Amino acid sequence: MKLQQLTSTNLIRTDQAFSTKEEAIRYLVDQLDKEGLLHSAEDFYDAVMEREALSATGMEGGLAIPHGKSTSVKQAAFAAATLKTPIKDWESVDENNEVELVMLLAIPEDEAGSTHLNLLAELMTRMADPSYKEKLMAAKTSEAFYEALDQEETAEAAESTSDKLLLAVTACPAGIAHTYMAAEALVRAGKELNAEVKVEKQGSNGIEDRHSKKDIRRADAVIFAADVAVKDQERFAELPRVTTSVAAPLKNAKGIIEDAIKKSRDPSLREEADDEFEEEEPEGKSFKAEIKDSIMTGISYIIPVIVAGGMTLAFAVLVSQAFGLQEVYDQEGSWLWLFRQLGGEMLGTLMIPILSAYMAYSIGDKPALGPGFAAGIAANLIESGFLGGMLGGFLAGYIIKFLKKHVQTSGTFAGFVSFWLYPVAGTLSVGAIMLFVIGEPLAFLNNGLISWLEGLSGGNAILLGAVIGAMVSFDLGGPVNKAAYTFCIGAMASGNIMPYAAFASVKMVSAFAVTGATIIARNLYTKPEQEVGKQTWLLGLAGITEGAIPFMINDPLRVIPSLIAGSAVTGGIVAFFGIGLNVPGAGIFSLALLEGQPLVLGASVWLGSALIGAFISMILLILSRKHKLKKQSTNLTTEEDKQWKSA
């Protein structure tokens, strides 16, 4: 890609002075507008700032790449500026980054998946070369900067003469910046160490530069530099491998290459690679992080089962009530009874084994799946509920991890150990522990928790509902929200159906509140925020809280307390009236499935409490937003006064 085709000397400024990120972005937006590349400078500025609120655009080594995708952009382009004095508080992936070079990308909305990603990838690849970035920073004029953009490197070898071929796969959560920077760093380090390095990038564009079967056959080792799961990693089962984080090559690419070369010289590692790989983890992953990842993985896998099972059960209940088919619903073997059983089995039989299995999988990989399912089934047998299922998942995962570390072999028996010994030994071990060692204590603890929940009434029940409500809206789908979800599902599985009714009602609060605030006080919100607000109420009806996340990220100290206040009220009201729900994931259809009160009263309270909580949160959102804008206006006026007096 020729970068010069997407900019001009009029869009490049050197030795500029900006005191804030906003000032730098505004200046570059104005340059794009002067060149006739924007329909509306204000709309594009709003789009860029909306993107800034989502995640850091500051990178490393003094670089920042803010960008915006908007219909206000006529054609793809970028503007750039070098700074006299670094901006020290630009949010960056490297917390020590001080921005000296800003490159603002302007992308039309319909090119978001093509030009946008290609340009970002090209910039990340080039910026990984320190000498390239130094040439840009050293440019004293716009013309010199422009010429340096596409200067060809003279040190490139026409053909690799290395006797070592190392393959690498890079991948980061966003799939853009670090994916390409890590790739470039590995390639350059390989050249310095006389090793040919080919890199497959697994990013936002999918898999780029996919390794061929021919290269895999003749490769000496593979490097996984990734913070997410590597796709199709079984392709490299026969290769010695080095596994590290995606950021590691940016700090020590030579060390990683040297480690891969060292492993490639040991023939035993090629045969044992499959077992060894399972033990390698991204650097810096602690026991605490592993436990957290395990829980999140288990929950992520049971959610589709819960939603599908819950909606199937809801379908059977709704049909029986709407068409007076209660007798068919209760008749064993009837079509409606079979749907009822299907949904019930998904929730009652599959839910906990799937949770356990994928928690174990997160820790011990594929060999841990069998023992994980066994642990979940054992949890069902001893009636230890979610608590037993989670503990069983941990046990299965760490038993397999222990076996893979201490029971290893090579050659013919490697496959036997991985696919027979590990799963069988793991299943027998975790089964024995669950059934004969911790079964009774777990069941006692689980039943005690159920008894305590069942004994809650009056003020205690209100407190429980309020706490559930606060947790739901604290991080809108994050770990705290998931903890509340896990508790409510576990309580439902154990017979207490009030917590999930509160949970389901509260899930609508944040969405309704955001929609109300952006409609009633639309002058306080940007156009992108107004567009998001128009859609969140629909997500709320489906029980999806994530629609309000952009507002929370943009101003967490004001938005989070506002949402928590209304959500706590909603949870408390539902709990006070003793409303229950034993069908998860039904969204607004839960209105017809509520228990504990007559149908009309229960539905009115359940939906009404969500509206009351949303109204409270909406008022707080509007008031806090006004306070924020007033404070910003005051600070701006004060700053202008200072500049006027100094002038």
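Which helix holds both W335 and F339, and how many residues apart are they? Both lie in helix α12, which spans residues 335-364, and they sit four residues apart, about one turn of the helix. The model is predicted. The protein has 647 residues, and 51% of them are buried. Its secondary structure comes to 24 helices and 10 strands.

**Aromatic pairs**

- The count comes to eight aromatic pairs.
- One of them joins F224 and F236 edge-to-face, with 5.6 Å centre to centre and 75 degrees between the planes.
- This pair links distant parts of the chain: F224 is in strand β9 (residues 221-226), while F236 is in the loop between β9 and β10 (241-244), 12 residues apart.
- F224 and F236 are both buried.
- W335 and F339 also form an edge-to-face pair, at 6.4 Å centre to centre and 90 degrees between the planes.
- The 90 degrees between the planes of W335 and F339 is over the 60 degrees that edge-to-face requires.
- F315 joins W335 and F339 in one aromatic cluster.

**Exposure of the helix α12 pair**

- Are W335 and F339 buried or exposed?
- W335 is partly exposed, because its relative accessible area is 45%, and partly exposed covers the range between 20% and 50%.
- F339 is partly exposed too, with a relative accessible area of 34%.
- F224 and F236, by contrast, are buried.

**Charge over a ring**

- R26 lies over the face of Y45.
- The distance from R26 to the ring centre of Y45 is 3.8 Å.
- Y45 also belongs to a nonpolar core of 26 residues.

**Strand β9 and its neighbours**

- How many of the six residues of β9 are buried?
- Six of the six are, so β9 is largely enclosed by the rest of the structure.
- Both faces of β9 are covered. On one side, A221, I223 and A225 are buried. On the other side, V222, F224 and A226 are buried.
- β9 runs parallel to strand β6 (residues 165-171), and six bridges join the two.
- β9 also pairs with β10 in the parallel sense, over four bridges.
- A225 of β9 takes part in both pairings: A225 is the bridge partner of T170, and A225 stands opposite T244 in β10.

**Nonpolar cores**

- In soluble globular proteins, nonpolar side chains tend to be buried together.
- The largest nonpolar core here has 73 residues.
- Which residues have the most contacts inside this core? They are Y500 and F503.
- α12 gives the most to this core, with 12 residues.
- F503 touches I468, V472, N481, A484, Y485 and C488, leaving aside residues up to four places away in sequence.
- Another core, of 26 residues, lies apart from the largest one. L11, F18, Y45 and L104 are among its residues.

**Whole protein**

- Take contacts between residues at least 6 apart in sequence: 72% of these join residues at least 24 apart.
- The protein exposes about 29800 Å².
- Carbon and sulfur atoms supply 58% of that exposed area.

Methods:
Residues numbered from 1 in each chain as written. Predicted model: local features only at pLDDT ≥ 70, side-chain atom pairs only at ≥ 80, totals over all residues. Heavy atoms only, no water. Phe/Tyr/Trp six-rings, centres within 6.5 Å; stacked < 30°, edge-to-face > 60°. Buried < 20%, exposed > 50% of the residue type's maximum accessible area, 1.4 Å probe, protein only. Lys NZ or Arg CZ within 6 Å of the ring centre and 35° of its normal. Core = buried A, V, L, I, M, F, W, Y, C linked by side-chain atoms within 4.5 Å. Contact = heavy atoms within 4.5 Å. Pairing = 2+ DSSP bridges. Areas by Shrake-Rupley, 256 points an atom, 1.4 Å probe, with all protein chains shown as cover.
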